[in-house]
Amino acid sequence: MNPVGKPGKTGSLMPVETALARLLEMADATSIPERERLPLAQVQGRVLADDLLSTLDLPPWPNSAMDGYALRMADWTGEPLVVSQKIFAGQAPAPLLPGTCARIFTGAPVPAGADCVEMQENAQVQADERVAFTEAMTLGQNIRPQGQETTVGELILPAGTRLGPIEQGLAASLGCAELDVVRKIRVAVLSTGDELIEPGQALGPGQIYNSNRVLLCSWLQRLGCEVIDAGILPDDLVTTRARLGELKNVDLILSTGGVSVGEADFLGIALREEGELSLWKLAIKPGKPLTFGHFRGVPVIGLPGNPASTLVTFALLARPYLLRRLGVKDVEPLKVQVQAGFDWPIAGSRREYLRGRLESGRAIIYKNQSSGVLRSAAWADGLVEVMEGRTLVAGDSVSFIPLSEVLV
Ligand code: AMP
Ligand code: MG
């Protein structure tokens with residue numbers, strides 16, 4: 001019934017790009033949340049709902065790029081010119097009197113009739129206050145023409161753009177006080193496992209602190225999501241069923257853990273009962289098991305529970321899915337090519353995302369790449385991508401995904 005859930009061959013691992021393509025396909029098939037209008041100062045991290053077209057020419061009038069003198073080239077015979085007006089930024093100048101120049105400052109409108117600005121360093125004020133220009137000048141020099149940045153009607157930012165400081169600044173330069181953005185997607189975060197307790201409580205035998213919960217909640221907030229912290233699910237079917245049923249008004253359920261083995265996979269059982277579930281075995285390390293399904297019509301993504309696996313699968317799969325649900329087109333992180341600063345003698349059957357950092361342009365990797373070791377990622381500033389079946393010697397070219405790319 002769910003065509004997206006079938007792996008290619010029985011027992012074969014699904015390539016990362018296949019999983020991503022399927023997730024994005026499903027995101028595209030889900031309608032983008034409704035829009036809301038927000039003051040410009042509050043749109044940081046949100047997604048633009050409509051194309052932003054320019055309603056202005058920018059700059060609206062030619063202005064001076066320098067402190068200096070505006071003149072008409074044809075008036076310059078080599079003789080000093082009388083200064084007929086002084087123009088500061090924010091003023092509306094009179095047309096330039098023929099045969100004169102105007103003192104002008106950076107950002108001030110160039111008076112009608114002037115066709116070049118000479119910088120003050122190249123001008124000599126004479127005893128009689130006339131100004132001599134001795135350097136060669138060119139038509140239009142030091143004038144920022146009207147509309148050099150944009151003209152009325154031009155597409156400035158397409159719908160689906162993620163908004164940050166630069167986009168906010170650009171919208172402000174066009175006079176926008178408010179923008180229509182996509183409503184935040186509501187994501188319920190569930191941690192699963194009897195062994196989990198929250199920080200602040202005393203650790204009992206066999207227990208560990210829940211690290212995925214805060215990691216994902218905080219990350220989702222950065223991505224412009226509204227987080228519903230749904231707490232910890234015990235490894236118990238009745239409770240799992242009941243707790244899932246309590247989730248109301250959410251756009252996505254994001255869980256970690258409990259997806260690897262059937263026996264303790266209560267989330268999986270609950271999804272199969274009241275929705276659908278595909279279990280994917282991915283050619284990714286750390287990672288591998290990932291579930292996608294629906295519970296009563298709400299999409300569910302189940303990430304593996306080991307913290308480094310959670311991090312990598314969220315960064316490479318869940319994050320692009322979420323952004324696409326918001327209408328963002330370009331959802332894949334930038335990869336840069338760097339030299340490996342390490343040897344990788346044994347080829348793996350899964351694509352590895354090693355937690356690494358750049359030192360003198362070479363990627364080095366954390367000493368312990370276990371999927372349970374989150375410290376590797378705190379040490380790292382990126383993921384080194386080693387393709388399946390590949391070996392490396394130091395100096396080989398590898399892809400590096402900066403963590404700063406995926407954490408926002
Ligand atoms: P599971 O997929 O439930 O078998 O979990 C795989 C590993 O990740 C186990 O060692 C779990 O204890 C650990 N784990 C699962 N969820 C969390 C979590 N929220 N925080 C920290 N570790 C977790
Ligand atoms: Mg578990």
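## Accessibility and the model

A residue is called buried when its relative accessible area is under 20%, exposed when it is over 50%, and partly exposed in between. By that standard Arg 37 is exposed, because its relative accessibility is 54%. The structure described here is a predicted model.

## Nonpolar cores

The largest nonpolar core holds 50 residues. The members that touch the most others are Val 187, Leu 254, Trp 280, Ile 301, Phe 314, Leu 317 and Leu 322. Several helices and strands supply at least two residues each, including the helices α1 (16-28), α3 (212-222) and α6 (307-325) and the strands β13 (185-192), β17 (252-256), β20 (289-295) and β21 (298-303). Helix α6 makes the greatest contribution to this core, with 10 residues.

Leu 322 illustrates how these parts meet. Beyond its neighbours within four places in sequence, Leu 322 is in contact with Ile 185, Val 187, Leu 220, Leu 223, Cys 225, Leu 252 and Phe 314. Apart from the largest core lies another, of 17 residues, among them Ala 188, Leu 244, Leu 271 and Leu 277.

## A buried arginine without a salt bridge

Arg 186 belongs to strand β13. The residue is buried yet forms no salt bridge. The nearest side chain of opposite charge is that of Glu 226, at 4.1 Å, and a salt bridge requires a side-chain nitrogen of Lys or Arg within 4 Å of a carboxyl oxygen of Asp or Glu, so this pair does not qualify.

The side chain of Arg 186 does reach the backbone oxygen of Asn 249, at 3.1 Å. Leaving aside neighbours within four places in sequence, the contacts of Arg 186 are Glu 226, Ile 228, Asn 249, Val 250, Asp 251 and Leu 252.

## Salt bridges

The model contains 17 salt bridges. One of them joins Asp 180 to Arg 37, with the closest N and O atoms 2.9 Å apart. This pair links distant parts of the chain, since Asp 180 lies in strand β12 (residues 178-182) and Arg 37 in strand β1 (residues 35-39), 143 residues apart. Asp 180 is buried, with a relative accessible area of 16%, whereas Arg 37 is exposed.

Glu 198 and Arg 213 form another salt bridge, with the closest N and O atoms at 2.5 Å. Glu 198 sits in the loop between β14 (196-197) and β15 (208-209), and Arg 213 in helix α3, 15 residues apart. Glu 198 is buried at 16% relative accessible area, and Arg 213 counts as buried at 19%. In a further pair, Lys 285 of strand β19 and Glu 352 of strand β23 are 67 residues apart in the chain, and their closest N and O atoms are 3.8 Å apart. Lys 285 is partly exposed at 37% relative accessibility, while Glu 352 is buried at 9%. Through shared partners, salt bridges also join Arg 35, Arg 37, Asp 50 and Asp 180 into one network.

## Cysteines

The count of disulfides is 0. Cys 116 is in no disulfide, and the nearest cysteine sulfur, that of Cys 101, is 10 Å away. Cys 116 is buried, with 0% relative accessibility.

Cys 225, one of the contacts of Leu 322, is also buried, at 3% relative accessibility. Its closest cysteine sulfur is that of Cys 217, 11 Å away, which is too far for a bond.

Terms used:
Residues numbered from 1 in each chain as written. Chains lettered and ligands numbered in written order. Predicted model: local features only at pLDDT ≥ 70, side-chain atom pairs only at ≥ 80, totals over all residues. Heavy atoms only, no water. Core = buried A, V, L, I, M, F, W, Y, C linked by side-chain atoms within 4.5 Å. Buried < 20%, exposed > 50% of the residue type's maximum accessible area, 1.4 Å probe, protein only. Helix = DSSP H or I, 4+ residues; strand = E, 2+ residues; numbered from the N terminus. Contact = heavy atoms within 4.5 Å. Lys, Arg positive; Asp, Glu negative; His and termini not counted. Polar contact = N/O pair within 3.5 Å; in protein donor to acceptor, adjacent residues only side chain to side chain. Disulfide = S-S within 2.5 Å.
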